[in-house]
Amino acid sequence: MGRQLLLEHIAEPGIETFAVYRKKGGYASVEKALKTMTPDQVTEEVKISGLRGRGGAGFPAGMKWSFLDRKSEKPRYLVCNADESEPGTFKDRYLMEKIPHLLIEGMITGSYALGAKTSYIYIRGEYMYIVGILEKAIDEAYANGFLGKNILGTDYSLDLYVHPGAGAYICGEETALLESLEGKRGNPRLKPPFPAVSGLYASPTVVNNVETIAAVVPIINNGGAEYAKIGIGKSTGTKLISASGHIKKPGVYEIELGVPVEEFIYSDQYCGGMLTNRPLKAVVAGGSSVPILPADLILKTAKGEKRLMTYESLSDGGFVSGSMLGSGGFIVMDDTTCIVRNLWSFARFYHHESCGQCSPCREGTGWMEKVLHRIEHGHGHMGDIDLLVDVAKKIEGNTICPLGDAAAWPVASAIRHFREEFEYHVKYPEKIKNPKHFAIEPFLSEKKLELVN
Amino acid sequence: MAKVTIDGVEIEVPDGTTILNAARQIGGASVPPAMCYYSSLKGSGGKCRVCLVKVAQGSAKDPRPMPKLVASCSTNVMDGMVVQNLTSPEVLEARKGVVEFLLINHPLDCPVCDQAGECDLQNLAYEHGAAKTRYEEDRRTFEKIDIGDKIKLHMTRCILCYRCTMVADQLTEKRVHGVMNRGDASEISTYISKAVDNDFSGNMIDVCPVGALTDKTFRFKSRVWFTKPLDAHRNCTKCSGKVVLWMKDDEVLRVSARKDQYGEVKEFICNECRYDHKTLADWTVEGPRHIDRSSVIAQNHYEKIDLSTLKKEIDRQIEFQKGKPVPAPKTLAQ
């Protein structure tokens, strides 16, 4: 197993308490940053580290921090996006639940770098029990002088609040999150202006994912250059991957970026191979919104190179033969999985979570869900498949926020790679009556059947 | 000032103007349609996505094209920007898609809808929509509700442009209604069937681009094209008092605010003018209202016309029949 920067002490009993966390070297980054570094130096370290946003888009975090309007006289805010609701992603929950002080330490160091006097952790409403864990940790940090007025005797003061949402996926979109934090309906805002200029209460704001903020801690402790040594090319550092599906050992793994996908699935250090040793069928590599890839394309790129767990390698080949690292929700499916059923389930999620503000997403997600429901339940016709492709194309890129894209990409990619399966559903409605139809008799494409015979 | 080129026509507009407003200054066919944008309501726009345009060149400094289509109502112009509206097949395709999306859950009950004939969605669908629907599923439906004793909300017809909630927010004293639920289940509503009761609430009928909000004093009285619109005014202490009277013989069937060529009301009227003065004696009539010839309301609606303008229009129609795109004339009538 590679280096563990975030989860190093996760197995330590009592790590969720301040005393144990501090004994294991916790809050060293706060001491280092506040006492020996200027805010700009902290930002510079994060820039050097090459840390990319862990929430899904992979935008360089240091760059995002440097965009913050520092000339403005308005207060500046750091907001932690803990509204992790992507199906297949559960890394932030694990991190906050097991080692809450890591996030709080990152928040203090990050807020110092950005000059924020007040910071917020916006957490999804379904994680109500974690609110308690975080608030307890914050109280401990206040009691030990790491939060509040004049932290560690310096003139820097910070207040940190946890704000639970009401349970909406859309509030993970940064501007919708800010609207919700302001107490309004969680509708995404039109951009520009970006939050770095006009975010929370129309003040300059940086919104970062939980894991991104936690990663600031090892970056400041060890130095940005040291962090950048891990990983390959522009994918530096370690990444938490939430592995789920038909694998022997589902769970959260911290990997050094650059581990081959094959090793990640089959190595005993990580997923431990397929659950019942059935063949691998498909992988959704980065949470439900990224394109699904069939087994041959996830293990090797279209050029025949080994596919690695990095931002670049997973997106090699664009959307034709590639995918995205996304938020790291790694869903593995074996050959008993019905891709149509899986896609219907994703489409149902996006239909349910669309905010309803702009028309392509509001109407299109519902339409796709209904058509997929029909195909999966044996009432589809051949035209439906092209209809889905067309609807997905008309949603993609035409919406206010990326939720429309996130709803369209899985549909487009599933049909691109598994068209035969959709046709099978339309042609043989009697064979798919049982909801677990492919568990009884795995689907074999006609091409593969020819090869077998 | 910024120079911007829209569909090959160059215009100079002040900085901070949106692409849509720049196009409106040029006028003619290159104006993108707009279902949710309303120039007098702050924060409107960006939602319906029918005004999407392609920015082929970002600005003089940075000539790269924008990666996605942008909503012209909420994107500001930059100096040297090149915008494609009707000249871009990509835009027309996307717009067709958006119109289809707007229509899949619309009941298409135009034959019984009071808005028919002056409906923005009808015009939009006529211009950019497809003749057949590909939607086979059930459409979403809602119960009709009364918001106040003068306005009927027909949520099934709503396209969620949010204009009416902005009227409530910005024109009236208290915020009385908003959007509940989310996705395609979202609905305009008052909090637990509360009545909308203030002097300017009636304007939400005028800003509604479809038949979702209708005037209960006019509902099912007459098709709008059987009425004769007259410009009229009265001295009103609350508003400008400038209205349109929709007449059938000598009877005032409906009073509404005056809409400009883009369907926008510039001077909002109060509820007293709208509902309480339905006799001709209350009003000073200015004359018949000009109705665009493309509107169905213009039928049997005679206006004095200049012969040379008429000839130009006939030539234009002939050219149009040959399949050549010809810019529409500014106004036909005097």
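Here is a short conversation about a predicted model and the reasons behind some of the labels used for it.

Me: Why is Glu174(A) called buried?

Reply: Its relative accessible area is 19%, and buried means under 20%, so Glu174(A) earns the label. The residue lies in helix α8 of chain A, which covers residues 174-181. Leaving aside residues up to four places away in sequence, Glu174(A) touches Lys64(A), Lys191(A), Pro195(A) and Val207(A).

Me: What makes the pair of Tyr169(A) and Phe349(A) edge-to-face?

Reply: Two values settle that one. The ring centres are 4.9 Å apart, and rings pair if their centres lie within 6.5 Å. The planes stand at 70°, and over 60 degrees counts as edge-to-face, so the name fits.

Me: How do you know that this pair links distant parts of the chain?

Reply: Look at where the partners sit: Tyr169(A) is in the loop between β3 (159-164) and α8 of chain A, while Phe349(A) belongs to helix α15 (residues 339-353), and they are 180 residues apart. Both Tyr169(A) and Phe349(A) are buried. Over all chains, a search of the whole structure turns up 25 aromatic pairs. Elsewhere, ring pairs join Phe18(A), Tyr21(A), Tyr27(A) and Phe146(A) into a cluster.

Me: What makes Arg24(B) a residue that lies over the face of Tyr262(B)?

Reply: Arg24(B) is placed at 4.2 Å from the ring centre. The distance limit is within 6 Å, for CZ of Arg, so the value passes that part of the test. The direction also has to be within 35 degrees of the ring normal, and Arg24(B) is listed as lying over the face. Arg124(A) likewise lies over the face of Tyr127(A), at 5.1 Å from the ring centre.

Me: Why is the contact between Glu137(B) and Arg374(A) called a salt bridge?

Reply: The closest N and O atoms are 2.2 Å apart, and a salt bridge needs a side-chain nitrogen of Lys or Arg within 4 Å of a carboxyl oxygen of Asp or Glu, so this pair qualifies. Between chain A and chain B the count is six salt bridges. There are also 21 residue pairs in polar contact, both residues being at pLDDT 80 or more. On the side of chain A that touches chain B, α16(A) gives the most, with 10 residues.

Me: How much area do chain A and chain B bury between them?

Reply: They bury about 2800 Å², 48% of it on carbon and sulfur atoms. In chain A, Glu363(A), Trp367(A) and Lys394(A) lose the most area to chain B, together 24% of what that side buries.

Technical notes. Residues are numbered from 1 along each chain as its sequence is written. Chains are lettered from A and ligands numbered from 1 in the order in which they are written. Side-chain values use heavy atoms; hydrogens and water are left out. Helices (H or I, at least four residues) and strands (E, at least two) are DSSP runs, numbered from the N terminus. Buried means under 20% relative accessible area, exposed over 50%, partly exposed in between (1.4 Å probe, protein chains only). Contact means heavy atoms within 4.5 Å. Rings of Phe, Tyr and Trp (its six-membered ring) pair if their centres lie within 6.5 Å; planes under 30 degrees apart count as stacked, over 60 as edge-to-face and the rest as tilted. Buried area is the accessible area (1.4 Å probe) that two parts lose on being put together, summed over both. A polar contact is a pair of N or O atoms within 3.5 Å; within protein, one must be able to donate a hydrogen and the other to accept it, and residues adjacent in sequence count only if both atoms are side-chain atoms.
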